[in-house]
Amino acid sequence: MSTTAFAGWQQPLHNLVLPVKETYKDIFHQGSAAEYEKAINGARELVTNFLHHNRQPFSGVSSATLKASFAAVDFDTPLPDYDSLLNEVQELYVKHATAFHLPAYIAHLNCPIVIPAVAAEVLIAAINSSQDTWDQSAGGTLMEQQLISWTAREIGFSNLADGVFTPGGSQSNLMGLLLARDHYAITHAGHSIKKQGLPADASRYRIFISEKAHFSNHKGAAVLGLGEQALVEIKTDERFRMDPVLLEEAINREIQQGNIPIAVVATAGTTDFGNLDPLAAIGNLAIKYKLWFHVDAAYGCGLLLTDKYRHLLNGIETANSVTVDYHKSFFQPISSSAFIVRDKQYLRLLRMHVDYLNPKDEDYDDLNQINKSIVQTTRRFDALKLWFTLRLMGKQKLGAYTETIIETAETAAQVIAMDPELELLNYSDIGVLLFRYAPEHISGEKLDNLNQYIKKSMFNEGRALIASTRVNDNFYLKFTMLNPLTTMDDVHFVLNTIKQTGAAWRQ
Ligand SMILES: *Cc1c(COP(=O)(O)O)cnc(C)c1O
């Protein structure tokens with residue numbers, strides 16, 4: 001592409017093509033374009049080799065071996081050129097990096113990523129806009145805002161909604177709990193926690209949440225000074241979804257005990273089971289008891305883009321706030337996540353000058369995104385990745401990927417359920433399957449040892465990566481399926497590897 005293809009560049013005020021002084025060739029500037037291309041081409045080649053040559057999700061290297069190869073690194077003696085640098089990084093990192101894109105990687109919540117988003121990273125890194133204020137990003141701010149509005153519309157929110165990109169679901173959940181806490185204090189007692197700190201009765205604030213919710217909520221409650229004791233864990237049904245009947249009982253029990261229910265958090269897609277809490281029923285209870293309703297859709301947000309499974313999210317539109325993780329379910333590179341609120345006025349709770357109870361709409365500062373974030377000032381332009389993705393691929397294509405994943409996970413669940421040597425624990429709305437290798441002659445505690453052995457051996461081999469978790473004190477193997485390229489052939493390969501490894505176990 002020639003530079004003349006881009007119309008509209010400003011006329012230079014003076015000649016910008018300076019001779020590059022050796023000392024400054026590494027600074028990204030108008031004189032170092034050739035150096036920039038050389039560096040980027042080298043890095044790109046490393047990535048292409050990673051795609052061409054990686055045949056298994058993990059090399060199987062031991063931490064001791066890998067640590068030993070770091071011994072020669074001396075930061076006081078820089079390497080002579082990019083070739084040496086890239087070779088070193090190949091040996092120390094790329095060669096042993098976990099390859100999320102390979103179909104036999106079905107361990108944690110790491111999706112394969114789409115190429116337009118990777119291309120966007122080139123611009124994000126080089127142009128290096130900061131999203132905190134308009135004067136550091138301009139078009140970047142408008143792009144982020146348009147993507148937030150789009151996501152809010154997909155959720156079913158009106159144009160009163162707003163939000164902000166965050167580095168991940170953990171921070172988005174923290175923001176949900178923070179707004180819930182501060183909203184309660186200011187609307188019920190005129191107390192600004194932001195200015196005055198926690199009120200005396202804050203130790204009695206209660207937040208209801210499923211016992212299978214993500215641990216970031218517990219960390220969030222701790223950070224917010226409410227303590228983990230503020231979380232009331234609600235038992236789940238046979239598919240590990242929050243039971244709304246037990247939720248209502250718990251709300252009434254806490255009220256009777258003199259505690260103060262302030263919020264309920266529903267999980268749309270649990271990390272360990274891939275199931276969605278009944279959002280509509282929980283949302284109704286939130287309205288009935290005047291609780292803040294936060295939906296953690298870090299994982300389940302991918303369903304927003306499917307026609308077939310969108311109904312599982314019904315009720316999400318009644319939430320006060322929602323967590324979406326594009327880097328979990330929209331095939332985006334880390335980091336890419338957002339916190340969305342139904343009414344932009346809620347975000348005033350974060351601002352320096354809270355005029356929350358009598359907001360004047362013209363005061364709403366819509367150009368400086370820093371007013372919408374809690375702990376970030378300088379902030380990456382992660383939104384550009386999603387922009388590239390949606391503008392080039394469209395949402396239907398992403399939705400179709402998710403549908404393929406769900407269908408493969410359903411078939412995989414049936415195969416596991418029918419296998420006499422395997423014991424399936426759950427069916428999943430999205431794509432997390434828990435099961436264990438349980439041949440007839442082995443039972444009790446030995447099953448735990450056997451399955452731990454399988455998990456560890458497979459990790460050391462690296463040909464297929466799976467995860468594990470404990471449920472009801474038993475150890476289970478776990479598939480997290482997030483790759484539309486993972487076929488039933490791959491699933492059979494992984495299951496056979498599990499069975500062969502298990503058969504080789506000696507108790
Ligand atoms: C992964 C996850 C989170 C945390 O998101 P990060 O982006 O890893 O911070 C929160 N909730 C659920 C349900 C998750 O699966």
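**Exercise 1. Find which helix gives the largest share of the lining of the largest pocket.**

Helix 1 does, with 11 residues. Helices here are DSSP runs of H or I, at least four residues, numbered from the N terminus. Lining residues have an atom within 4 Å of a pocket point. A pocket is an open set of points on a 1 Å grid over the protein atoms alone, where a 1.4 Å probe fits, with protein on both sides within 12 Å along at least five of seven lines.

The model is predicted: local features need pLDDT of at least 70, side-chain atom pairs pLDDT 80 or more, while totals for chains, interfaces and linings use all residues. Residues are numbered from 1 along each chain, and side-chain values use heavy atoms, without hydrogens and water.

**Exercise 2. Place the largest pocket relative to domain 1 and domain 2.**

Step 1. Domain 1 spans 130-393 and domain 2 spans 396-503; the bounds come from an automatic or database domain assignment.
Step 2. Both give residues to the lining, so the pocket lies between them.

**Exercise 3. Classify the ring pair of Trp150 and Phe330.**

Step 1. Rings of Phe, Tyr and Trp (its six-membered ring) pair if their centres lie within 6.5 Å. Planes under 30 degrees apart are stacked, over 60 edge-to-face, the rest tilted.
Step 2. The centres of Trp150 and Phe330 are 6.3 Å apart and the planes stand at 90°, so the pair is edge-to-face.
Step 3. Trp150 sits in helix 5, Phe330 in the loop between helix 11 and strand 7, 180 residues apart.
Step 4. Trp150 and Phe330 are buried (under 20% relative accessible area, 1.4 Å probe, protein chains only).

Key. Helices (H or I, at least four residues) and strands (E, at least two) are DSSP runs, numbered from the N terminus. Buried means under 20% relative accessible area, exposed over 50%, partly exposed in between (1.4 Å probe, protein chains only).
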